[in-house]
Amino acid sequence: MNPLIMLADLIVVIHFALMAFIVFGLLVVLLGVVFRWAWVRNIWFRAIHLFVILVIVGEALAGVRCPLTVWEHDLRVRAGQTTFEGDFIAHWVHRLMFFRAEPWVFTVAYITFGLVVLATFLLAPPRFQRAAKPTVAPEPADA
C-alpha cells in the first residue's frame, strides 16, 4: 500500500479519536456530575478537553480549516487519490465525521459545544489533586 495513503488514513483515525475525546469527554463529565465521580474533576483532563474545543472554536471563528483535514487531503492528492476515502476504516470514519452543511452551521455548533464545556467548569469545577499527608507511625511505648 502507498505510504502516503497509509499516513492519510492514520490522520483520519487520529482526527476521529480527537473528535471522540471531545464529545465523549463532555458526556463523561456530565455523567460524572450525576454519579459523583471525583476523577472527572481532574484539572489535566478538564484543561486539555477545554483547550481542544477552544482551538476548534477559534478555527471556526477565524474561518480556518482544521489542519488535520488539510494534511489528510494534501496527502491523498499527492498519492493520486481523488476522494477522501481510503481503506475500509478510513472510509467509515469519514462517513461518520464529515457531512455537508453550510459553514455557519458548524461554527454555531462548535461555539455552542464550547459554551457547554465552559459551563461544566461551573457545574463541576476541576480540582488539583492534593498530595496525601504522610502518616506518622506512633512511636513504640517504652516498656
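**Figure 1. A close-up of the second largest pocket, with its mix of lining residues.** In this predicted model, the lining of the second largest pocket splits into five nonpolar, two polar and three charged residues. The pocket itself has a volume of about 180 Å³. Ten residues line this second largest pocket, and the closest to its centre are Ala38, Arg41, Arg127, Phe128 and Gln129. So if you want to find the spot on screen, those are the names to look up.

**Figure 2. A close-up of the largest pocket.** Here the volume comes to about 1400 Å³. A total of 38 residues line the largest pocket, and you'll find Thr69, Met97, Phe98, Phe106 and Tyr110 closest to its centre. Which elements give two or more residues to this lining? They are helix 1 (3-35), helix 2 (43-62), helix 3 (67-78), helix 4 (88-97) and helix 5 (103-123). Sort the lining of the largest pocket by residue type and you get 27 nonpolar, five polar and six charged residues.

**Figure 3. The largest nonpolar core, side chain by side chain.** Seven residues make up this core: Ile22, Leu26, Leu50, Val52, Ile53, Val57 and Val117. Helix 1 and helix 2 each chip in with at least two of the core residues. Which helix gives the most to this core? That's helix 2, with four residues.

**Figure 4. Zooming in on Ile22 and the residues it touches.** Ile22 is one of the residues of the largest nonpolar core. Leaving aside residues up to four places away in sequence, Ile22 touches His49, Val52, Ile53, Ile56 and Phe113. Two of these names, Val52 and Ile53, also turn up in the list of core residues.

**Figure 5. Stepping back to the whole chain.** After all that zooming, here is the full protein chain, with five helices and zero strands. Follow the chain along its sequence and the pattern reads α-α-α-α-α. How much of the chain is buried? Buried residues make up 27% of the 143 residues. Now look at contacts in the chain with a separation of 6 or more: residues 24 or more positions apart account for 76% of them. As for the surface, the chain exposes about 10400 Å², and carbon and sulfur atoms supply 71% of that area.

Technical notes. Residues are numbered from 1 along each chain as its sequence is written. This is a predicted model: local features need pLDDT of at least 70, side-chain atom pairs count only at pLDDT 80 or more; totals for chains, interfaces and linings use all residues. Side-chain values use heavy atoms; hydrogens and water are left out. On a 1 Å grid over the protein atoms alone, a cavity is a set of points where a 1.4 Å probe fits but cannot get out, and a pocket is an open set with protein on both sides within 12 Å along at least five of seven lines; lining residues have an atom within 4 Å of a point. Grid points are joined across faces, edges and corners, and a volume is the space filled by probe spheres set on the points. Ala, Val, Leu, Ile, Met, Phe, Trp, Tyr, Cys and Pro count as nonpolar, Asp, Glu, Lys and Arg as charged, and the others, Gly among them, as polar. A nonpolar core is a set of buried Ala, Val, Leu, Ile, Met, Phe, Trp, Tyr and Cys residues joined through side-chain atoms within 4.5 Å. Buried means under 20% relative accessible area, exposed over 50%, partly exposed in between (1.4 Å probe, protein chains only). Contact means heavy atoms within 4.5 Å. Accessible areas come from the Shrake-Rupley method with a 1.4 Å probe; for residues, only the protein chains shown count as cover.
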